[in-house]
Amino acid sequence: MKSAFSRRGPDIVTEELAAVLSKGASFEFKPLFDVIHANLRLRNAANGGEEMLRLRAYEKLQNLVQQGIVTKTAKEYQGVSAALKRFLAAAAEQNAKTASGAQAGLDARRKVAPKTSLIKEEPVTPRHSPSVTTPKGSKNAHTELPVRKTEKRLGQKSQEGRKAAAKA
């Protein structure tokens, strides 16, 4: 089954798996993951937590096994040197294309972008600054708000209504 992102190049986890396995040693998954996790932390690329990274690394390793780039013997994984060299070369080529495409897109966006800003910069004055006073004859100077009068014992009436409703 093909991945939904088939145009994407190999990710950092897959590249790190291939780089570690290309050294010729065979690893069980736990020691292999420890090496990969340490390398990714050095590159500041270990995102999403250790457990999620462990799941992703295991999935990527199984994909490499299915493609024939890595062989699995019992519980140990070992890289196939010729296939790993081709894989790493293809990954480097894909990364170069992606980097040059991203740079070309960035350059094109810079050419299209206008030279002046669309936002006008005007000084911002607060609405209610203490230095601004309203004239005394103004409508908003001292407006009296109506005061709502409340009935006494309103709370008891509503409680009596609740009791009557509960009995019914």
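Is D11 buried, partly exposed or exposed? In this predicted model, D11 is partly exposed, with a relative accessible area of 22%. The close-ups below start from this residue and then move on through the helices, the core and the strands.

**Figure 1. D11 and K60 meet in a salt bridge.** The closest N and O atoms of K60 and D11 are 3.3 Å apart. This pair ties together distant parts of the chain: K60 belongs to helix 3 (residues 50–67), D11 lies in the segment before helix 1 (12–21), and 49 residues separate the two. Like D11, which has a relative accessible area of 22%, K60 is partly exposed, with a value of 21%. R56 joins in as well: D11, R56 and K60 are linked in a network of salt bridges.

**Figure 2. E50 and R54 pair up within helix 3.** Here the two side chains form a salt bridge, with an N to O distance of 3.3 Å. E50 and R54 are four residues apart in the helix, so about one helical turn separates them. E50 counts as partly exposed, at 38% relative accessibility.

**Figure 3. Helix 4 has a salt bridge between K97 and E93.** The closest N and O atoms of this pair are 3.8 Å apart. Both residues sit in helix 4 (residues 81–112), and their spacing of four residues is about one turn of the helix. K97 counts as exposed, with 51% relative accessibility. How many salt bridges does the count come to? The count comes to six.

**Figure 4. E15 is a buried residue without a salt bridge.** Take a look at helix 1, where E15 has its place. Side chains of opposite charge can pair when their charged atoms come close. For E15, the nearest side chain of opposite charge is R43, at 4.5 Å; a salt bridge requires a distance within 4 Å, so this pair does not qualify. What E15 does have is a polar contact of 2.7 Å, which joins its side chain to that of N95.

**Figure 5. The largest nonpolar core brings together 22 residues.** Those with the most contacts inside this core are L17, L21, L32, L61, I69 and V70. Helix 1, helix 2 (29–42), helix 3 and helix 4 each contribute at least two of its residues. If you centre the view on I69, you can pick out its contacts with L64, G79, V80, A83, L84 and F87, leaving aside residues up to four places away in sequence.

**Figure 6. Strand 3 pairs with strand 1 and with strand 2.** Strand 1 (residues 27–28) and strand 3 run antiparallel and are joined by two bridges. In this pairing, E28 has E76 of strand 3 as its bridge partner. Strand 2 (residues 70–73) also pairs with strand 3 in the antiparallel sense, over four bridges, and here K72 is partnered with Y77.

**Figure 7. A hairpin connects strand 2 and strand 3.** Two residues lie between the strands, and A74 in the turn has a positive phi of about 55°. Following the chain onward brings you to strand 3 (residues 76–79) and its two faces. Which residues make up the covered face, and which the uncovered one? Y77 and G79 are on the covered face, while E76 and Q78 are on the uncovered face. G79 is also one of the residues touched by I69, and E76 is the bridge partner of E28.

Conventions
Residues numbered from 1 in each chain as written. Predicted model: local features only at pLDDT ≥ 70, side-chain atom pairs only at ≥ 80, totals over all residues. Heavy atoms only, no water. Buried < 20%, exposed > 50% of the residue type's maximum accessible area, 1.4 Å probe, protein only. Core = buried A, V, L, I, M, F, W, Y, C linked by side-chain atoms within 4.5 Å. Contact = heavy atoms within 4.5 Å. Lys, Arg positive; Asp, Glu negative; His and termini not counted. Polar contact = N/O pair within 3.5 Å; in protein donor to acceptor, adjacent residues only side chain to side chain. Pairing = 2+ DSSP bridges.
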